[in-house]
Amino acid sequence: MKNKIFMLMLVLLIGVLAACGTKDDNATNSNTGSDSAEKQVLKVGTSADYAPFEYVDAAKGEEIIGFDIDLIKLVGEKLGVEMQVQDMDFNSLVPALQAGKVDVVISGMTPNEEREKVVDFSDKYNQTEQVIVVKKDSGIKKEADLAGKKVGVQTASIQENLGKAIAEKVDVSIEGRTRIPEIVQDMMSKRLDGAIMEGGVAKGYLKTNDKLAAFPVEVQPEDHKAIAVQKGSDLKDKINKALKELADEGKIQQLEEKWLEKAE
């Protein structure tokens with residue numbers, strides 16, 4: 001009887017130890033897998049209203065496409081990570097980066113003094129000019145003609161700052177909007193008389209709307225696009241290395257030919 005009791009207790013003890021070992025092993029495997037998955041994904045913030053750089057072609061689906069999107073995916077390949085793109089309002093991008101809600105921002109963003117105080121920027125990957133878009137029948141052909149008019153700009157953009165600078169020379173009202181399509185819609189419905197846009201973005205609207213025209217702003221600001229990361233992040237150097245490699249390989253030029261030159 002004693003031998004039977006002893007054997008029973010031994011079997012139970014072995015079973016308990018085996019169960020504990022399995023539980024610990026599973027926990028270890030689970031944690032390792034979670035850490036690995038986390039390292040392989042970077043969250044990318046963008047404002048998908050800025051064709052041809054980032055936008056959604058509703059006729060083809062809900063996927064965000066464009067020059068910037070292709071570029072950041074190529075950068076991801078160089079870094080060995082997956083770039084997970086999220087759409088948000090342009091004026092929310094820098095705060096989201098500061099708060100750690102995203103790891104990277106690519107959205108046709110131009111470094112300026114205010115932004116550089118709170119985030120870091122990569123080397124530039126594209127340069128462009130700024131234009132004023134108007135309706136052809138508006139009679140507006142130069143900045144002086146904007147006197148007494150309303151001009152739309154995207155909130156928190158370089159165009160907003162440019163509009164304020166123009167307003168110091170010309171008696172024009174600068175009105176902010178969250179999204180570029182909203183600015184164009186308000187211009188077509190005569191709630192706005194014009195809009196300040198980047199040249200590459202304006203080309204897309206000029207191509208699809210023969211009622212629009214554009215002319216360059218008189219004083220062109222230093223305007224180039226760069227990728228933003230959190231202040232002090234080691235991603236800056238890694239992204240710069242990837243951008244240089246992509247430029248040397250001719251892949252950035254290929255993206256320009258694919259997305260920008262076709263808007264001519």
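Tutor: Buried means under 20% relative accessible area, exposed over 50%, and partly exposed in between (1.4 Å probe, protein chains only). This is a predicted model: local features need pLDDT of at least 70, side-chain atom pairs count only at pLDDT 80 or more, and totals for chains, interfaces and linings use all residues. Residues are numbered from 1 along each chain as its sequence is written, and side-chain values use heavy atoms, without hydrogens and water.

Student: What is the angle between the planes of Tyr50 and Phe53?

Tutor: Rings of Phe, Tyr and Trp (its six-membered ring) pair if their centres lie within 6.5 Å; planes under 30 degrees apart are stacked, over 60 edge-to-face, the rest tilted. The structure holds 4 aromatic pairs. Tyr50 and Phe53 form a tilted one, 6.0 Å centre to centre, and their planes differ by 35 degrees.

Student: Is Tyr50 buried or exposed?

Tutor: Phe53 is buried. Tyr50 is also buried.

Student: How many residues apart are Phe67 and Tyr125?

Tutor: Phe67 and Tyr125 form a stacked pair, 6.1 Å centre to centre, with 15 degrees between the planes. Phe67 is in helix H2 and Tyr125 in a loop between strands E7 and E8; helices (H or I, at least four residues) and strands (E, at least two) are DSSP runs, numbered from the N terminus. The two are apart by 58 residues.

Student: Why does Phe67 count as buried?

Tutor: Its partner Tyr125 counts as buried because its relative accessibility is 6%. Phe67 counts as buried because its relative accessibility is 0%.
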